[in-house]
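Morning, everyone. I have one structure to go through today, and I will keep it short. Here it is.

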Amino acid sequence: MIADEGNVTEDEIPDPAKFYEAAKKLSPMLVTRATLVPVSAAALLPFAAAGFTQLPVKELIPVLKHLLLF
């Protein structure tokens, strides 16, 4: 049996305050200060691994410093 949408009881209506509080916690920024280090480490790890296999260490250290500090 299909319920009539016009007959909604008060128990079936969700609390809008919960949705409002959850929306206030959302951020338009994908990377915040708390996630900056893990995201940068995850992004630089493949480059560091490739660099260690292809470049001498003396050339790799300045490149990694530049990538981490820029």
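**Burial, one helix and one pocket**

Buried residues account for 6% of the 70 residues in the protein chain. Keep in mind that this is a predicted model. The chain has three helices and zero strands, so read from the N terminus the order of elements is simply α-α-α.

Most of what I have to say concerns H2. This helix covers residues 33-54, which is 22 residues. Does its length come out as expected or not? At 1.5 Å a residue the span should be 32 Å, and the end C-alpha atoms are 32 Å apart, so the two agree. There is a bend of about 35° at Leu 44, and a proline, Pro 46, follows within four residues.

Which residues of H2 are buried? They are Leu 44, Ala 48 and Gly 51. An α-helix has 3.6 residues a turn, so residues three or four places apart point the same way. The buried residues of H2 pack against helix H3, residues 57-69.

Now the pocket. The largest one has a volume of about 190 Å³. Its lining consists of 11 residues, and those nearest the centre are Ser 40, Ala 41, Leu 44, Leu 67 and Leu 68. The elements giving two or more residues to that lining are H2 and H3. H2 gives the most, with seven residues. By character, the lining divides into 10 nonpolar residues, one polar and no charged.

To tie this up, Leu 44 is where H2 bends, is one of the buried residues of H2, and is among the residues nearest the centre of the largest pocket.

Key:
Residues numbered from 1 in each chain as written. Predicted model: local features only at pLDDT ≥ 70, side-chain atom pairs only at ≥ 80, totals over all residues. Heavy atoms only, no water. Expected span 1.5 Å × (residues − 1). Bend = angle between axes of the 7 residues up to and from the residue. Buried < 20%, exposed > 50% of the residue type's maximum accessible area, 1.4 Å probe, protein only. Contact = heavy atoms within 4.5 Å. 1 Å grid on protein atoms, 1.4 Å probe; cavity = no way out; pocket = protein on both sides within 12 Å on 5 of 7 lines; lining within 4 Å. Points joined across faces, edges and corners; volume = space filled by probe spheres on them. Nonpolar A, V, L, I, M, F, W, Y, C, P; charged D, E, K, R; others polar.
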